Every structure is written in C-alpha cells, then in structure tokens.
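New to this one? Take a look at the sequence and the model, and then read through the notes underneath.

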Amino acid sequence: MPQLDFRAPRLFIDGALSAGVTVGLDRNQSNYLGNVLRLAAGETVLVFNGRDGEWQAAIAGRKRPDNLTIVTRTRPQDRLPDVAYVFAPLKQARLDYMVQKAVEMGAASLQPVLTRFTQVSRVNSERMRANVIEAAEQCGILSLAEVADPVALDRYLGHREAQRLLVFCDEAADVADPVQALKEVEGASSGIDVLIGPEGGFAEDERELLLRQPNTLRLALGPRILRADTAGVAALALVQAALGDWAPDRG
C-alpha cells in the first residue's frame, strides 16, 4: 500500500490539474475549507480529479478560500480493478452506506438493477455520485467509480458483455467454500460483475434467467443470511481477495 498523508484534507476538483494552474472553489468547498477546517490563505490541501493523480494545492483568497493554486503532484493516477458492483437499490440511508463501502472496496462502477422485490423504484444518481466523491476524498482513493442509471434486471443481462464473469450471489447456492470457488473460476480477466439482489431475494424466474447466463458463478456468502448492504461488502471482499487487487499475484 502506498504511503498516504491521512492528516491532510483531500478535495475532489472537477477540472484539469497540473502545476501552476489556478482552480476556483464553489461555495460548499470554500465553506468546508474556511469554516469547517479553519484553513486560511497559504495553507495547503490535497486535490484530485480522478484523471490526473493527486496534487498539493495552496489556498488563496482574502476573506475566505476562493481558489487553489496547484503546486506539485504527490501521487500518479492509478486504475481501479475492473469490478462492477451490480445491486438492487435500497432505501436511502442504507443505499448511502452501500455506495460508500463499495467505493472503499475498490469497485470501478456502480450499476443499480430493478428486480421483482426491489424495495425502491427511484434512485437519486446525483446523491450516489456525491457519496462516491465523499468516500474517495476520505479514503485516499484517486479513481472515481462510475455511477450508471438504474435498469431492469433482464435489460441489464441482455446488454452486459458476455465475456465478463458474473458472480451471482444467492443464499440458496450450494457452495461450501466461496473463496476456493472464486479461485477456481476462469474468465475473470475480462472483468467481473458482482450481483447482489434485494432483501427479499430473487424471484424464481429471475434466478432461472441468471442461471442461464454465460460465464456465471452462483455463490453463497456463508452459512447465515446477510442483509443486502452487508452482503455487498462480503461479496466484494471475497472477489477482491481471490481475483482482484487484494490477491498478491494480481495487484
């Protein structure tokens, strides 16, 4: 793991970053730096945009922080593992938690899917993106996970790339050792989609449709029934440990 400066504030900047560039701050960013963190002109923060790495930036402004001057790059841009987190949306507070944890676990994209027993039919994509940015700011992450618009499960399956591995998490699956099952799978080099269903599980016709998909691993997550947000963290941890950038021979 690279050495990170966890004491320095980090800020996402939606603009190009390079030495000598001046970038403006919006009202929320200015308030955060000036009133919450009590930082003044001349002090420094770390900034990133998901494309140009991480940079040290100096605060400027008379009465309050108005802009930043980019000084020097502290870390080069990295890449997230090609892992998509595909999930049935939950109610807002638990959805916020699930998005934040998926980002922390290294998911490169977030794809909501609507199933028979999905609890909510509308998803606030802007709020999801805000949670992605906040988690990245707090955890030293440089690459931002993409946020896709929600689609029906059958439509998602009809359009996904067939060569990608689909890890279909199903409490009814007969898998005694999920770690070993993942290690033995082939076809993960083309990317991995981790699918977590709603609290009520998948309908039988949805399960049958999933089992007909190519390059699919039906996986149980242990002997206990997990809530959907917990299942997401557990599944992503298993996948990252066996096939992702946690694996010592894959990082």
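Here is a quick tour, from the whole chain down to single residues.

This is a predicted model, so local features are described only where pLDDT is at least 70, side-chain atom pairs count only at pLDDT 80 or more, and totals for chains, interfaces and linings use all residues. Residues are numbered from 1 along each chain as its sequence is written, and side-chain values use heavy atoms, with hydrogens and water left out.

**The whole protein**

- You'll find 7 helices and 12 strands in the protein; these are DSSP runs, numbered from the N terminus, with H or I over at least four residues for a helix and E over at least two for a strand.
- The C-alpha atoms fill a box of roughly 65 × 40 × 30 Å, taken along the principal axes.
- Of the 251 residues, 47% count as buried, where buried means under 20% relative accessible area, exposed means over 50%, and partly exposed is in between (1.4 Å probe, protein chains only).
- The accessible surface comes to about 13200 Å², and 47% of that belongs to carbon and sulfur atoms; the areas come from the Shrake-Rupley method with a 1.4 Å probe, and for residues only the protein chains shown count as cover.
- Among contacts (heavy atoms within 4.5 Å) between residues at least 6 apart in sequence, 74% join residues at least 24 apart.
- The protein has 28 positive and 33 negative charges, and their mean positions are 6 Å apart. Lys and Arg count as positive and Asp and Glu as negative, while His and the chain ends are not counted; each charge is placed at NZ of Lys, CZ of Arg, CG of Asp or CD of Glu.

**Arg164 and Asn215**

- Arg164 sits in the loop between α4 (153-159) and β10 (165-169). Is Arg164 buried or exposed? Arg164 counts as buried because its relative accessible area is 9%.
- The side chain of Arg164 makes a polar contact with the side chain of Asp193, at 2.9 Å. A polar contact here is a pair of N or O atoms within 3.5 Å; within protein, one must be able to donate a hydrogen and the other to accept it, and residues adjacent in sequence count only if both atoms are side-chain atoms.
- Leaving aside neighbours within four places in sequence, Arg164 touches a list of residues that includes Asp82, Ala84, Asp193 and Asn215.
- Asn215 lies in the loop between α6 and β12, and Asn215 is partly exposed, with a relative accessible area of 26%.
- Phi of Asn215 is near 55°, a positive value in a residue other than glycine. For background, most residues other than glycine have a negative phi.

**Helix α6**

- Which residues of α6 (residues 204-211) are buried? They are Glu206, Arg207 and Leu210.
- These buried residues cover an arc of only 100° around the axis, so they are on the same side of α6; the arc is that of the directions from the helix axis to the C-beta atoms.
- The general rule is that an α-helix has 3.6 residues a turn, so residues three or four places apart point the same way.
- The buried residues of α6 pack against α4, β10, β11 (192-196) and β12 (216-219).

**Two more buried residues**

- Ala88 is in the loop between β6 (83-87) and α2 (92-104), and it counts as buried because its relative accessible area is 1%.
- Again leaving aside neighbours within four places in sequence, the contacts of Ala88 include Met98, Val113, Thr115 and Ile196.
- Arg75 belongs to strand β5 and is buried, at 11% relative accessibility.
- A polar atom of the Arg75 side chain lies 2.9 Å from the backbone oxygen of Gly140.

**Exposed loop residues**

- Arg62 is in the loop between β4 (54-60) and β5 (67-75), and at 86% relative accessibility Arg62 counts as exposed.
- From C-alpha to C-alpha, Arg62 and Ala40 are 8.6 Å apart in space, with their places 22 residues apart in sequence.
- Ser189 is in the loop between α5 (178-183) and β11, where it is exposed at 76% relative accessibility.
- Arg38 is found in the loop between α1 (27-36) and β3 (44-48) and is exposed, with a relative accessible area of 66%.
- Arg38 also has a positive phi, near 60°, in a residue other than glycine.
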